[in-house]
Amino acid sequence: MNLLQLLTEIRAMKRAEHWTRPELKRYQAVQLQKLRQRVYAQSPFYQEFHKGLYDAPLDELPVITKEIAMSHFDDLVTDRNVTIANVRRYMDHMRPGEKFQGKYRIVTTSGSTGRPGITLFTEQEWTSIMAFLVGRLGQWTGVKPSLTHRVTMAAVASTSPFHMSAQGGSTFLKKLLMPGIMFAANEPTERMVAALNKLQPEVLSVYASIGRLLAIEQDRGHLSIAPRTILSGSEVLTDEMRHSMERAWGNIIFNTYAATEIGGIALECDRHEGMHLMEDRMICEVVDANNQPVPAGTFGDKLLVTGFFKYTQPLIRYEISDSIRLATKACSCGRPFLLIDSIQGRHEECLELPAKKKGATVSIHPLVFHNILDTQPITGWQLTVNKATLRLVVSGAQGSFNETTIKQRLVAALTEGGALAPSLEIRRVEALPRDASGKITFIKTKSN
Ligand SMILES: [Zn+2]
């Protein structure tokens, strides 16, 4: 991590918070121009994709989906030595902390469209993400880590080494937040409760659904912690989840919204009136199904993002299929960034599976499946759960996909989480069924 770059970016983020809206717009125009110049010079994919549109305004450019970005990976990246085949081969043997070709961190994503994604970060791009975590997330939520004040933090996150929260966590936690602990989302609740009681974290960072589980434990008197900040992310924070956490710990919940491909997209400030879009780091467009802008106060069908700091895998009008509503009122904090007042979608429930203990059930987080399946050479997957019987369907499986290994790893992860070893069956298909909105539902639960 480059310390000078980190400090410079943090200072720039602070300044941006005092801009007027027109000043912000001017800055965005300059950044976009810089990005497009570089991308048109170095990415064969965009040279073709934007052909004849090099000078067109942003909203006239075609939209790029994860599917397009992944299937044109080799041409989209701005480094001609990087290919998806090389990256995948490397991931099979990668050791923790190692970088691809000595310079790229690899992070995988699941997202909401069913196709696992791979994102590469140079050290410069990674530093920029750290600058966001320290300078913006840390400042706004009162976590304020620094080299002199270390914060006690507990995070419930993915422990897959390729997952963003694990990578972000490892750098962030080690450097600034020691002593901290990190749980896998499939950790049995009792073990999490015991460790949290012992640590007494100042900051708790959780998936919304886990935050709700912990709030219930606090209500029941099993858990007894008094964090000053709770960060909720990776999943939709429903009103019900927020209220149960507020009942347990007070009005200290900060919702966050991020996508691995692009970093932090929106963040709640201390007025708790909604989440501000990080418009000094990217351009966000809330649009309908035909990519037409949707006014504040109305839910869009998707969000299009254009990231200023992403040069290795540039994303211009990248589609994120979350339904977002912008607030009609500005936030009382006075910052120039637009406010999201609600997000729908990306809601994955914990699975209730029969536990080893007779008659009991255990909550298993969907991440257990994402961790194992999202790095496989497949184009998508879908799981149907019927009590202790799991049916996994995978699409586009390639040669190195091995059913037996996957079965073993899934069963091991589930029993580790306290579940009774399920009966698990894996089937290969050409393509997965989509629902009416065109989305693939990863996990379906049946009650009979
Ligand atoms: Zn605000």
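How are helix 1 and helix 7 oriented to each other? In this predicted model, the axes of helix 1 (residues 3–16) and helix 7 (residues 123–140) come within 9 Å and cross at roughly 50°. An angle counts as oblique when it is not under 35 degrees, not over 145 and not from 65 to 115. Helix 1 and helix 7 are therefore oblique to each other. Their crossing is right-handed. On the side of helix 1, the residues that take part are Q5, L6, E9, I10, M13 and K14, and they meet Q124, T127, S128, M130, A131, V134, G135 and R136 of helix 7. Sorted by class, this contact has six nonpolar, five polar and three charged residues.

A second pair of helices can be described in the same terms. Helix 10 (residues 208–219) packs with helix 11 (residues 239–249) at an angle of about 40°, and their axes are 8 Å apart. The crossing of this pair is left-handed. Helix 10 contributes A208, G211, R212, A215, I216, Q218 and D219 to the contact, while helix 11 contributes M241, S244, M245, R247 and A248. By class, the contact of helix 10 with helix 11 has six nonpolar, three polar and three charged residues.

The table sets out the two helix pairs.

| Helix pair | Axis distance | Crossing angle | Citation |
|---|---|---|---|
| Helix 1 and helix 7 | within 9 Å | roughly 50° | |
| Helix 10 and helix 11 | 8 Å | about 40° | |

The chain as a whole has 13 helices and 20 strands. Of its 448 residues, 42% count as buried. Among the contacts in the chain with a separation of 6 or more, 65% are between residues 24 or more positions apart.

The next topic is the nonpolar cores. The largest nonpolar core has 54 residues, and the members that touch the most others are I265, A266, L277, C284, V305 and I340. Helix 7 supplies the largest share of this core, with eight residues. A second, separate core has 27 residues, including M153, L196, L214 and M245. M245 also belongs to the contact between helix 10 and helix 11. Leaving aside neighbours within four places in sequence, A266 is in contact with Y257, M275, H276, L277, M278 and I340.

Two loop residues have an unusual backbone angle. Most residues other than glycine have a negative phi. In H272, however, phi is near 55°, a positive value in a residue other than glycine. H272 lies in the loop between strand 8 (263–268) and strand 9 (275–277). Is H272 buried or partly exposed? H272 has 15 C-beta neighbours inside 10 Å, so H272 counts as partly exposed. R317 also has a positive phi, near 60°, and is found in the loop between strand 11 (302–307) and strand 12 (318–320). A residue is buried if 20 or more other C-beta atoms lie within 10 Å of its own. R317 has 20 such neighbours and therefore counts as buried.

The last residue described here is V429, which lies in strand 19 (residues 423–429). V429 is partly exposed, because 14 other C-beta atoms lie within 10 Å. Leaving aside neighbours within four places in sequence, V429 is in contact with V393 and S395. V429 and W381 are 48 residues apart in sequence, and their C-alpha atoms are 9.4 Å apart in space.

How values were computed:
Residues numbered from 1 in each chain as written. Predicted model: local features only at pLDDT ≥ 70, side-chain atom pairs only at ≥ 80, totals over all residues. Axes fitted to C-alpha atoms, helices over the stretch in contact; angles between N-to-C directions. Helix = DSSP H or I, 4+ residues; strand = E, 2+ residues; numbered from the N terminus. Left-handed = near helix turned anticlockwise from the far one by under 90°. Contact = placed C-beta atoms within 7 Å. Nonpolar A, V, L, I, M, F, W, Y, C, P; charged D, E, K, R; others polar. Core = buried A, V, L, I, M, F, W, Y, C linked by C-beta atoms within 7 Å. Buried ≥ 20, exposed ≤ 12 C-beta atoms within 10 Å, placed from the backbone.
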